[in-house]
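Got your viewer open? Load the model, colour it by secondary structure and keep the selection box handy.

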Amino acid sequence: MASVVFGTCAAIASIVGVVLFIVLRRKPHTRVGAYVSATFLFLGAGMLTLGSISFAGLESAALQTFTPEERATAVPCNAVVLGAEQTNKHNGRYIWLLRLRVTPQAGSPYEIERTARLASSMGERLEKGNVALSCLVAPADHTRIEIPALA
């Protein structure tokens, strides 16, 4: 969601920069202002684009929610929280890095790291470790899991 917002802001900033540049450059006494304003707007758009890339990376490592079709084919599993570390705060919720040992119903356990947006009370509970949560894992890709209790 954050990447959509940043991408939209970057597109709007780029359009405004182009329009300002075109309008102000036609007047001889405002050419310098046009170049300066356009430069700042393009720099702002670039920063927003980089922000959307970093949030997209964060979201790709997060505990994903499945579509109803994926949920129907998902394999039940248990995830034991081996540790949790608070990394950041975004929109009033904390971003936690979770180390999990996932045990599918039919299969051997494996460990993964994922990020999740959690309330501080939930994060502090998980930080102590050894918390078991029920989860779902995609049958074709064991790195894709969903933990309903953390959604």
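The tour below goes from the whole chain to single side chains.

**Before you click**

This is a predicted model, in which local features need pLDDT of at least 70 and side-chain atom pairs count only at pLDDT 80 or more, while totals for chains, interfaces and linings use all residues. Numbering starts from 1 along each chain as its sequence is written, and side-chain values use heavy atoms, with hydrogens and water left out.

**Stop 1: the whole chain**

Show the cartoon: you have four helices and five strands. Helices here are DSSP runs of H or I with at least four residues, strands are E runs of at least two, and both are numbered from the N terminus. Walking from the N terminus, you meet α-α-α-β-β-β-α-β-β. Of the 151 residues, 30% are buried (under 20% relative accessible area; exposed is over 50%, partly exposed is in between, with a 1.4 Å probe and protein chains only). Switch on the surface and you are looking at about 9200 Å² of accessible area, 62% of it from carbon and sulfur atoms (Shrake-Rupley method, 1.4 Å probe, and for residues only the protein chains shown count as cover).

**Stop 2: strand 4**

Select 131–137. That is strand 4, mostly covered, with five of its seven residues buried. Now add 75–90, which is strand 1: the two pair antiparallel over seven bridges (strands pair if DSSP finds at least two bridges between them). Label Asn78 and you will find Ser134 of strand 4 opposite. Next, add 145–146 for strand 5, which runs antiparallel to strand 4 and is joined to it by two bridges. Here Val137 faces Ile145.

**Stop 3: the core**

Show sticks for Leu98, Leu100, Val102, Leu126, Ile145 and Ile147: these have the most contacts inside the largest nonpolar core, a set of 21 residues. Such a core is made of buried Ala, Val, Leu, Ile, Met, Phe, Trp, Tyr and Cys residues joined through side-chain atoms within 4.5 Å. Strand 1, strand 2 (93–104), strand 3 (110–118) and strand 4 each supply at least two of its residues. What does Leu98 touch, leaving out residues up to four places away in sequence? Its partners include Leu63, Ala84, Ile112, Leu118, Leu126 and Leu150 (a contact means heavy atoms within 4.5 Å).

**Stop 4: the salt bridges**

The whole structure holds three salt bridges, each a side-chain nitrogen of Lys or Arg within 4 Å of a carboxyl oxygen of Asp or Glu.

- Pick Arg144 and Glu70, at 3.1 Å from N to O. Arg144 sits in the loop between strand 4 and strand 5, and Glu70 is in helix 3 (residues 68–73), 74 residues apart. Arg144 is partly exposed at 21%, as is Glu70 at 28%.
- Go to Glu146 and Arg71, whose closest N and O atoms are 2.9 Å apart. This pair joins strand 5 to helix 3 across 75 residues. Glu146 is buried at 4%, whereas Arg71 is partly exposed at 37%.
- Finish with Arg101 and Glu111, at 3.9 Å from N to O. They lie in strand 2 and strand 3, 10 residues apart. Arg101 is partly exposed at 33%, and Glu111 is exposed at 56%.

**Stop 5: a surface patch**

Last selection: Ile15, Val19 and Val23, which make a nonpolar surface patch of about 270 Å². Patches take residues with over 30% relative accessible area and no salt bridge, joining like charges within 9 Å and nonpolar side chains (Val, Leu, Ile, Met, Phe, Trp, Tyr) within 5 Å. Val19 belongs to helix 1 (residues 2–25) and is partly exposed, with 47% relative accessibility.
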